[in-house]
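Biologist: Before I rely on any label such as "buried" or "cavity", I would like to hear the reasoning behind it. Could you take me through a few of them?

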Amino acid sequence: KEIDTKEKSKMLDRPQQEARASARDDRSPKNVAEELAKKGFEVRQLLHFYMQKKISRDKSTAHVVRDIIIPETAEHQTCYMESAFMKGHGGPQCAKKLVSHAWKSSFMNTVLNILLDASGLTVEDMKKKCMGYNGNLDAGKALQELSNDVLDKTYWLCIFAVNEHKSICGDCWHCKPQTPEEFRQERCSKCNCGSEDCCYGKERYNPCKCGSEKYKKGHPLYEIDKFDEVVGLMEGLVVSLDPELETLKRLWVVAEIGEALKCKPIHFRHFFGLNEGIMNKLKTHKPVVPPVDLCEVTDPEDKRRILAKIDESEGGQNSFNLFVRCMVEVSFGVFSSLRDVSGDALKVFQRMERLDINFGQVFSGTIVSTSQVRIDWEKIKKIQHEKMDFSKCEELTDASSMGQGLKEMKNLQHLVMIFSF
């Protein structure tokens with residue numbers, strides 16, 4: 001009588017099981033990063049996920065993980081790209097670009113920024129092709145309107161690639177569960193100190209019945225600290241901005257930008273633009289994000305490690321802070337800080353091939369001539385594809401200075417200038 005594979009596995013004695021586990025644990029951090037990079041998704045898969053899971057416009061990425069990702073992978077304790085749903089839509093893909101994003105921001109914001117990057121469309125054209133009447137992303141419409149070339153493009157999101165059952169499900173940063181029984185508890189029960197930070201009786205952020213024990217930092221299979229290595233395996237980095245710039249306040253995003261600074265193109269995408277407070281800072285040339293040493297992080301040790309890496313780059317933290325500020329400013333047509341960029345940050349600008357600038361939010365109703373926009377053409381001279389959107393600049397009557405500057409752009413292949421008011 002034949003014994004199926006599952007029964008054979010049960011019959012293995014403990015030494016054999018431990019030997020197999022040990023062999024698997026021999027994977028190096030580089031191996032783990034390479035495996036993670038192969039758990040990307042196509043734009044088409046992302047849209048099917050958004051549509052079939054009926055995700056609302058205000059649902060945060062954190063709640064997508066809590067309500068969809070973790071429950072649907074609990075039985076087999078895999079990452080979501082290995083879930084039945086994603087396998088039914090093509091399974092894991094080798095990703096080309098990593099997407100940095102904020103979990104507290106809406107998931108729709110992240111999806112739209114990915115579509116913006118993949119399609120190369122303007123925000124207005126995106127709205128026509130991808131948005132519904134209720135202000136929510138119409139994923140079904142997008143699947144019909146976007147070309148196969150766009151739908152075939154591949155990206156990487158941590159929420160789909162990381163095995164949440166070996167990292168965060170059922171966990172608590174305060175009471176730190178250790179056993180399967182403790183991880184299965186929906187509410188914390190270990191600490192009852194009565195302090196303000198006490199977690200006793202509080203619901204777990206990501207409750208789960210799987211009871212999987214978590215890999216610790218330093219373990220070769222611990223995935224969360226491999227993201228900057230995954231960036232190194234990508235062709236580029238997409239930073240998904242939200243109107244409040246919460247993305248740029250998270251240290252893990254900072255770590256990914258820091259890694260990409262070395263040799264990768266970095267693209268900031270912002271479908272919804274920025275809120276009024278941030279825009280006012282841009283108009284008055286004030287910093288729009290905190291310096292890197294003030295970014296938010298849960299574990300102080302992570303902060304020390306990431307800042308040490310940035311300190312090793314040319315120009316250190318000062319150069320990094322200026323780069324992040326410039327990337328936000330240039331996206332909205334403000335070039336005042338670009339002249340001061342140097343070191344590794346300058347090299348990123350010098351290897352940029354695509355630049356999208358939305359002048360409307362900052363210069364609406366105030367710009368008469370494009371000569372008021374003092375562009376440092378020398379530092380962006382390798383741009384091949386450029387889009388300048390002057391929509392809402394109703395007072396603009398003279399754009400001749402742009403022609404003079406564009407003469408210096410010897411590599412420019414494709415230029416779009418929009419003047420619809």
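Modeller: What follows is a set of questions about how residues, helices and hollows in this predicted model get their labels.

Biologist: To begin with the whole chain, how many helices and strands are there, and what share of the residues counts as buried?

Modeller: The chain has 20 helices and eight strands, and of its 421 residues 50% count as buried. Among contacts between residues at least 6 apart in sequence, 77% join residues at least 24 apart.

Biologist: Why is valine 99 called buried?

Modeller: Buried means under 20% relative accessible area, and valine 99 has 3% relative accessibility, so valine 99 counts as buried. This residue lies in strand β2, residues 97-100. Leaving out residues up to four places away in sequence, valine 99 touches Thr110, Ile114, Tyr155, Trp156, Leu157, Val238 and Ser240. With leucine 157 the C-alpha to C-alpha separation is 5.7 Å, although the two are 58 residues apart in sequence.

Biologist: What makes glutamine 52 partly exposed?

Modeller: Its relative accessible area is 39%, and partly exposed covers what lies between the 20% limit for buried and the 50% limit for exposed, so glutamine 52 takes the middle label. Glutamine 52 is found in helix α4, residues 43-52, where the buried residues are Val43, Gln45, Leu46, Leu47, Phe49 and Tyr50. Not counting residues up to four places away in sequence, glutamine 52 touches Phe85 and His89. Its C-alpha atom is separated by 9.4 Å from that of glycine 140, 88 residues apart along the chain.

Biologist: Which residue takes a positive phi just after α4, and is lysine 54 buried or exposed?

Modeller: Lysine 54 takes a positive phi of about 50° just after α4, and this is a positive value in a residue other than glycine. Lysine 54 lies in the loop between α4 and α5, the latter being residues 61-73. Exposed means over 50% relative accessible area, and lysine 54 is at 72%, so lysine 54 counts as exposed.

Biologist: What label does leucine 245 earn, and why?

Modeller: Leucine 245 has 0% relative accessibility, and therefore counts as buried, the limit being under 20%. Its place is in the loop between β4 (236-240) and α14 (251-260), and its phi is near 60°, again a positive value in a residue other than glycine.

Biologist: How do you know that the span of helix α7 agrees with what its number of residues predicts?

Modeller: The expected span is 1.5 Å times one less than the number of residues, so the 13 residues of α7, residues 107-119, should span 18 Å, and the end C-alpha atoms are indeed 18 Å apart. The helix is mostly covered, with 13 of its 13 residues buried. Just after α7, glycine 120 takes a positive phi of about 75°.

Biologist: What makes a group of residues a nonpolar core, and which residues have the most contacts inside the largest one?

Modeller: The residues must be buried, belong to a set of nonpolar types, and be joined through side-chain atoms within 4.5 Å. The largest such core has 127 residues, and those with the most contacts inside it are Phe49, Phe107, Phe160 and Ile266. Leaving aside neighbours within four places in sequence, phenylalanine 107 is in contact with residues including Leu46, Phe49, Tyr50, Leu157 and Phe160. In soluble globular proteins, nonpolar side chains tend to be buried together.

Biologist: Why is a hollow called a cavity rather than a pocket?

Modeller: A cavity holds points where a 1.4 Å probe fits but cannot get out, whereas a pocket is open. The search finds two cavities of 30 Å³ or more. About 40 Å³ of space lies in the largest cavity, whose lining has nine nonpolar, one polar and no charged residues. Helix α17, residues 316-331, supplies the largest share of that lining, three residues. The second largest cavity has a volume of about 30 Å³, and its lining divides into four nonpolar, two polar and two charged residues.

Biologist: What lines the second largest pocket?

Modeller: Its lining divides into 15 nonpolar, ten polar and nine charged residues, and β6 gives the most, with five residues. The volume of this pocket is about 620 Å³, and of the 34 lining residues the closest to its centre are Val123, His270, Phe271, Asn358 and Asp389.

Technical notes. Residues are numbered from 1 along each chain as its sequence is written. This is a predicted model: local features need pLDDT of at least 70, side-chain atom pairs count only at pLDDT 80 or more; totals for chains, interfaces and linings use all residues. Side-chain values use heavy atoms; hydrogens and water are left out. Buried means under 20% relative accessible area, exposed over 50%, partly exposed in between (1.4 Å probe, protein chains only). Contact means heavy atoms within 4.5 Å. On a 1 Å grid over the protein atoms alone, a cavity is a set of points where a 1.4 Å probe fits but cannot get out, and a pocket is an open set with protein on both sides within 12 Å along at least five of seven lines; lining residues have an atom within 4 Å of a point. Grid points are joined across faces, edges and corners, and a volume is the space filled by probe spheres set on the points. Helices (H or I, at least four residues) and strands (E, at least two) are DSSP runs, numbered from the N terminus. Ala, Val, Leu, Ile, Met, Phe, Trp, Tyr, Cys and Pro count as nonpolar, Asp, Glu, Lys and Arg as charged, and the others, Gly among them, as polar.
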